[in-house]
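Q: Can you walk me through this one? Keep it simple, please.

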Amino acid sequence: MKYTINLKLLITLCIAFSFVSFSFAQEIIEEEVKEAEKKVDSVDLTKALKVDGVAAVVGDFIVLESDLQKEKDQIKAAGGSVEGIEDCELFGLMLERKLYAHHAIQDSIPVSDSEIRKNVDYQIQQFLQQTNGSMDRLLEFYKKDDEQSFRDEMFEINKSNLLAQRMQAKIVEEIEITPEEVRTFFNNIPEDERPTFGTELKVAQIIAEPKVSAAENQRVIDRLKQFKADIIERGASFRSKAVLYSQDPGSASKGGKYTLNRKQPRMVKEFRQVAFALQVGEVSEPFKTDFGYHIITLEKIRGQEYDVAHILLTPKVSTEAVLEAKERLENVRKRIVDGDISFADAAREVSDEKETKNDGGQLINPTTQDYNFELTRMDPELYAQIQNLKDGELSLVLKEEDRTGKVKFKILTVTDRIDEHKADYARDFLKIKDLALEEKKIKAIEKWQQEKIIDTYIKISKEHRNCDFSSNWLKNN
């Protein structure tokens with residue numbers, strides 16, 4: 001769709017802020033690119049070696065000649081492909097990132113060091129999975145001598161990319177679109193070029209979860225109270241207790257540690273409320289979330305960031321409770337099949353899933369935030385469960401178990417189906433609105449780029465002046 005997809009910007013959205021660039025500098029260089037000189041000894045100063053060349057300067061940032069190949073290497077390392085992307089196009093994307101980052105600094109857009117370090121930690125863990133956990137192999141691939149220099153360079157790369165991302169977000173943050181603009185956008189698309197939307201389904205479910213006995217809940221609470229007493233009265237280590245006993249797979253090996261930010265909600269509401277109410281060194285009373293029961297200790301406060309550690313214990317469900325939940329849902333299914341109750345009313349009456357029960361069990365698409373699931377983009381597990389259902393037909397009672405071992409049962413039904421079709425303004429208004437808004441944002445970004453390129457110091461080396469850039473990097477007009 002030429003009206004909604006700009007190739008250059010689509011590629012930007014896909015890769016512009018991934019871990020792909022290995023350059024960062026905040027100094028303006030001379031227009032003429034100088035060769036670096038290597039002093040061999042204190043006597044012979046005549047020998048010179050070209051270490052690297054400067055391909056471009058954008059504001060306070062430089063792009064080195066070697067960065068283009070590193071960009072390609074990083075895209076491949078992240079599982080992407082550079083096939084079909086010309087060097088000049090990729091080089092233009094690198095210039096865009098530097099332009100965004102430069103003006104983010106000019107506009108004092110904040111990025112925190114701790115946020116960048118978290119990104120670096122996550123990226124290194126992802127990369128290590130590709131080298132079977134070998135840091136030596138990872139350093140060899142990126143031609144780095146030691147882990148710290150690798151981390152330092154990744155830090156600067158992430159900082160530059162995050163600045164660029166925040167700048168782009170700021171450009172479009174206040175852009176809205178009116179119904180009339182949506183209508184104009186749609187009417188301007190020739191009929192034979194209007195998008196085709198795939199088959200969409202609306203899906204509803206009823207959930208039955210095994211009930212934990214009051215005695216089991218109390219057993220877990222008492223155990224956490226004992227942990228707290230051991231820590232406060234007998235000097236036991238909170239972190240050691242977490243490593244030994246916490247049932248949170250994401251933090252147990254790290255002593256239960258998490259860093260919370262008041263401005264960036266991460267954990268569930270109940271967890272945050274308890275954590276932010278603690279004094280440094282204090283240990284909370286046991287409290288409940290959907291994951292089980294916790295105790296938390298507050299280790300340190302750094303501005304808006306709270307370093308906490310927690311221990312999670314999950315009450316065990318008895319075999320009898322599992323059987324009871326399954327039988328309960330089997331009975332509900334029979335009532336629906338017999339016509340004694342509608343699926344929606346049964347969901348409101350008996351479903352244990354609070355997010356959907358009051359809406360008749362209707363699932364919300366997490367991507368679009370509406371009820372429609374495009375068949376080709378549906379979660380594979382959900383697709384496997386409903387693919388053979390006719391409209392209004394019920395699935396069998398299905399058992400699900402998450403990674404913590406928590407079991408639940410569910411029945412599913414397809415409540416509506418829209419077959420593949422050409423875009424229709426009334427039926428597909430929300431999708432068309434999203435396309436129109438995206439086009440408006442793309443135009444705003446293009447306009448911002450055009451203006452800032454003129455206002456910003458930019459120097460492109462002669463080796464890259466033959467590129468047919470889509471943006472006016474050479475300032476020819």
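The chat below covers a sheet, two helices and a disulfide.

Q: What kind of model is this?
A: This is a predicted model.

Q: OK, the sheet with β5 in it. What is the strand order?
A: The order is β5-β8-β7-β6. That makes 4 strands in an open sheet, with antiparallel pairing.

Q: What holds strands together in general?
A: Strands of a sheet pair through backbone hydrogen bonds.

Q: Which strands stand at the edges?
A: β5 (257-261) and β6 (287-289) do. Each has a single partner strand, so one side of each is left without a neighbour in the sheet.

Q: By how much are neighbouring strands turned against each other?
A: On average by 50°, with direction ignored.

Q: Back to β6. How many bridges does β6 share with β7?
A: There are 3 bridges between β6 and β7 (residues 292-302), in the antiparallel sense.

Q: Which residue in β7 stands opposite K288?
A: Y293 is the one facing K288.

Q: New topic: helices. Where does α8 lie?
A: Helix α8 (residues 214-234) lies across β7 and β8 (305-313). Its angle to β7 is about 30°.

Q: And which strands does α9 lie across?
A: Helix α9 (residues 238-245) lies across β5, β7 and β8. Its angle to β8 is about 45°.

Q: How do α8 and α9 cross?
A: Their axes come within 10 Å and cross at roughly 150°. The crossing is right-handed.

Q: Which residues meet there?
A: From α8, they are R223, F227, D230 and I231. From α9, they are F238, K241 and Y245.

Q: What sort of residues are those?
A: The contact of α8 with α9 has 4 nonpolar and 3 charged residues, and no polar ones.

Q: Last topic. How many disulfides does the structure hold?
A: It holds 1 disulfide. C88 and C467 form it, with their sulfur atoms 2.0 Å apart.

Q: Remind me, what is a disulfide?
A: A disulfide is a covalent bond between the sulfur atoms of two cysteines.

Q: Is the link of C88 and C467 left-handed or right-handed?
A: Left-handed, with -75° about the S-S bond.

Q: Where do C88 and C467 sit in the chain?
A: C88 is in helix α3 (residues 87-106). C467 is in the segment after β13 (458-460). The two are 379 residues apart, so the pair links distant parts of the chain.

Q: Is C467 buried or exposed?
A: C467 is buried, because its relative accessible area is 11% and buried means under 20%.

Q: And what about C88, how accessible is C88?
A: C88 is partly exposed, with a relative accessible area of 28%.

Definitions and conventions: Residues are numbered from 1 along each chain as its sequence is written. This is a predicted model: local features need pLDDT of at least 70, side-chain atom pairs count only at pLDDT 80 or more; totals for chains, interfaces and linings use all residues. Side-chain values use heavy atoms; hydrogens and water are left out. Two strands pair if DSSP finds at least two bridges between them. Axes are lines fitted to C-alpha atoms, for helices over the stretch in contact, and angles run from 0 to 180 degrees between N-to-C directions. Contact means heavy atoms within 4.5 Å. A crossing is left-handed if the near helix is turned anticlockwise from the far one by less than a right angle, and right-handed if clockwise. Ala, Val, Leu, Ile, Met, Phe, Trp, Tyr, Cys and Pro count as nonpolar, Asp, Glu, Lys and Arg as charged, and the others, Gly among them, as polar. A disulfide is a pair of cysteine sulfur atoms within 2.5 Å. Buried means under 20% relative accessible area, exposed over 50%, partly exposed in between (1.4 Å probe, protein chains only).
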